[in-house]
Amino acid sequence: MGKTMSDAMAYLSDQMGKKTENWTWGKIHTLRLEHPLGKVRLLDAIFKFNDSPKEMGGSFHTVCPLAYKLSEPFVINHGASHRHIYTPANWDDSVSVIPTGTSGIPASPHYCDQTDLYVNNQYHKDLFSLEKIIAHKKYALELNPAD
């Protein structure tokens, strides 16, 4: 076995253990969603801004492109900011997912509420018709102009 192969095997053994049957790409190829305020360790420790790393598939050249810098092997630094599957025959059958959820505010219940869907290649309904949207709404904003 050549030196490169030996080095690769040693690296992978250090990262994932000696039993090759337990090796998976996701164990070393991870996605961690980080909030800008989470860069301050004390704030992150108190408020839990950053999500824990998630095992992910994909690479530079796959349908699920989740890439990394060669200087930081396997730590995902960019990928799809959202995924949509549209159904033109019935727009209400369309689905979507946003990795961070619909809110960038950590105190919101919708902060990172779609991350598990994204990681597991799952989606939620992305309703289109007004009647379906009204029937399934969770919130409503009512604007009343001042008199």
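Is F60 buried, exposed or partly exposed? F60 counts as partly exposed, because its relative accessibility is 40%, and buried would mean under 20%. Keep in mind that this is a predicted model.

**Aromatic rings**

F60 doesn't sit alone. Together with Y68, F60 makes an aromatic pair, with 5.1 Å from centre to centre and 55° between the planes, and that pair is tilted. Y68 itself counts as buried, as its relative accessibility is 14%. So this pair brings together a partly exposed ring and a buried one. Both residues also belong to one aromatic cluster, whose members are Y11, W25, F60, Y68 and F74.

How many aromatic pairs are there in the model? The count is eight. Among them is the pair of F47 and F49, which is tilted because the planes of the rings stand at 40°, with the centres 5.7 Å apart. For a pair to be called tilted, the angle has to be neither under 30 degrees nor over 60. F49 is buried, with 9% relative accessibility.

Here are the two pairs described so far.

| Pair | Centre to centre | Angle between planes | Kind |
|---|---|---|---|
| F47 and F49 | 5.7 Å | 40° | tilted |
| F60 and Y68 | 5.1 Å | 55° | tilted |

**Around G38**

F49 turns up again next to a glycine: leaving aside residues up to four places away in sequence, G38 touches D44, F49 and N50. Where does G38 sit in the chain? You'll find G38 in the loop that runs between β1 (30–31) and α3 (41–47). Although it is in a loop, G38 is buried, with a relative accessible area of 8%. As for N50, its C-alpha lies 5.7 Å from that of G38, while 12 residues separate the two in sequence.

**A sheet of three strands**

Now to the strands. Three of them form an open sheet in the order β5-β6-β7, and the pairing is antiparallel. Which strands stand at the edges? Those are β5 (83–85) and β7 (124–125); each has a single partner strand, so one side of each has no neighbour in the sheet. Between β5 and β6 (residues 95–97), the antiparallel pairing runs over three bridges. One detail to look for: H84 has S96 in β6 as its bridge partner.

**A charge over a ring**

Finally, have a look at R83. This arginine lies over the face of Y118, 3.9 Å from the centre of the ring. R83 is also where the edge strand β5 (83–85) begins.

How values were computed. Residues numbered from 1 in each chain as written. Predicted model: local features only at pLDDT ≥ 70, side-chain atom pairs only at ≥ 80, totals over all residues. Heavy atoms only, no water. Phe/Tyr/Trp six-rings, centres within 6.5 Å; stacked < 30°, edge-to-face > 60°. Buried < 20%, exposed > 50% of the residue type's maximum accessible area, 1.4 Å probe, protein only. Lys NZ or Arg CZ within 6 Å of the ring centre and 35° of its normal. Helix = DSSP H or I, 4+ residues; strand = E, 2+ residues; numbered from the N terminus. Contact = heavy atoms within 4.5 Å. Pairing = 2+ DSSP bridges.
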